[in-house]
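Student: I've never looked at this one before. Could you walk me through some of its backbone oddities and its pocket?

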Amino acid sequence: MIIDCHGHFTTVPASFRNWRAKQVEFANDPVNGPSRAEAFVSDDEIREAVGNGQLRLQQERGGDLTLFSPIAGLMSHHLGNERTSLEWAEISNDLVHRVTEMYPENFAPVCQLPQSPLAPPKNSIAELRRCVEELGFVGCNLNPDPTGGYWTGTPVTDREWYPLYEALCDLDVPAMIHVAASCNPCFHGTGAHYLNADTSVFMQILQSDLFKDFPQLRLIIPHGGGAVPYHWGRYRGMSLEMQQRPLEGLLDNIFFDTCVYHQPGVELLTKVIPADNVLFGSEMIGAVRGKDPATGQYFDDTKRYVDGIASLTEEDRYKIFEGNARRVFPRLDARLKAQGK
């Protein structure tokens, strides 16, 4: 099987985005804001959005299953308030759930959390539990910076995050570290903010004893791990100097995806990071949607890059394409086994 661990419903109808804009506009005036019913997306609209988008490309590129979550950029936790974030998360997660119910062979659900700059992380636990326990979600996206690029909150290793980690461990689901849109003009969203966050969170963890407190916690750092695998020596050295421990110990709990959009980058990722810690991911349709003029192929067709690494063994390929996803997402493994896979 080819399991893509990183997909978002980026092709939602324009009406869904318009509803969100109106909701934010009336964040402090809910009486005059849009009703939940106005956010409804029909089955036909879902078929149009997914069938001509992610599903078509999944099949054309040789994939089998995508872990599917709401649009990362549109999570926009910095907009509105805690009430609107909860409402938006519930509506967005319910829509993703409907996609996975319509296409259970092709998509498995991953939820967004109702985070807000002024809300403690523990306030997201109820929605996490609803999604996992009631709707069968297999994981979540965790935003380490709900302020949208200004980073005014605490590091993810601060104890205010611990109740959320306790819930993740209790539910036995991993979290993908994933920021949303950037409202800071210094940081482009997908080109800077995403990669900054991936790198920053890894460094926060390096400086902490988080995994001593939560040895069962599993975190996926997407977009190829930000800068981390490509400056591995820097982080190894700092880990030894600052924490007197080998950096490799963090790999019991941290995993990286293959959302790196050129062959040399993916090859370096798989050369530096053990195959046990690399999950296939494409993020399509997402940050980079065009074709590379040098090859004529889509930048985000990341399966081609993995296929092109001659040094990978068949066992390595199995781990990257399927085995690691089933191990890191045990509820996904159970879902697949229930389907006879």
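Student: Where does Q244 sit?
Tutor: Keep in mind that this is a predicted model. Phi of Q244 is near 55 degrees, a positive value in a residue other than glycine. As for its place, look past α9: Q244 is in the loop between α9 and β7 (254-257).

Student: Is Q244 buried or exposed?
Tutor: The cut-off to beat is 50% relative accessible area, since exposed means over 50%. Q244 comes out at 62%, so we call it exposed.

Student: And H223, is that buried or exposed?
Tutor: H223 also isn't a glycine, yet it has a positive phi of about 55 degrees. You'll find H223 in the loop between β6 (219-221) and α9 (232-243). Buried means under 20% relative accessible area. H223 has just 7%, so it is buried.

Student: Which residues lie nearest the centre of the largest pocket?
Tutor: That pocket holds about 210 Å³ of space. Its lining divides into 8 nonpolar, 4 polar and 1 charged residues. Of the 13 lining residues, the ones nearest the centre include our H223, and the full set is T190, L195, H223, C259 and Y261.

Student: Which peptide bond is cis?
Tutor: Most peptide bonds are trans. For this one, go to the loop between β8 (278-279) and α11 (302-307), where I285 lies. Omega is near 0 degrees there, and the cis bond is the one from M284 to I285.

Notes:
Residues numbered from 1 in each chain as written. Predicted model: local features only at pLDDT ≥ 70, side-chain atom pairs only at ≥ 80, totals over all residues. Heavy atoms only, no water. Helix = DSSP H or I, 4+ residues; strand = E, 2+ residues; numbered from the N terminus. Buried < 20%, exposed > 50% of the residue type's maximum accessible area, 1.4 Å probe, protein only. 1 Å grid on protein atoms, 1.4 Å probe; cavity = no way out; pocket = protein on both sides within 12 Å on 5 of 7 lines; lining within 4 Å. Points joined across faces, edges and corners; volume = space filled by probe spheres on them. Nonpolar A, V, L, I, M, F, W, Y, C, P; charged D, E, K, R; others polar.
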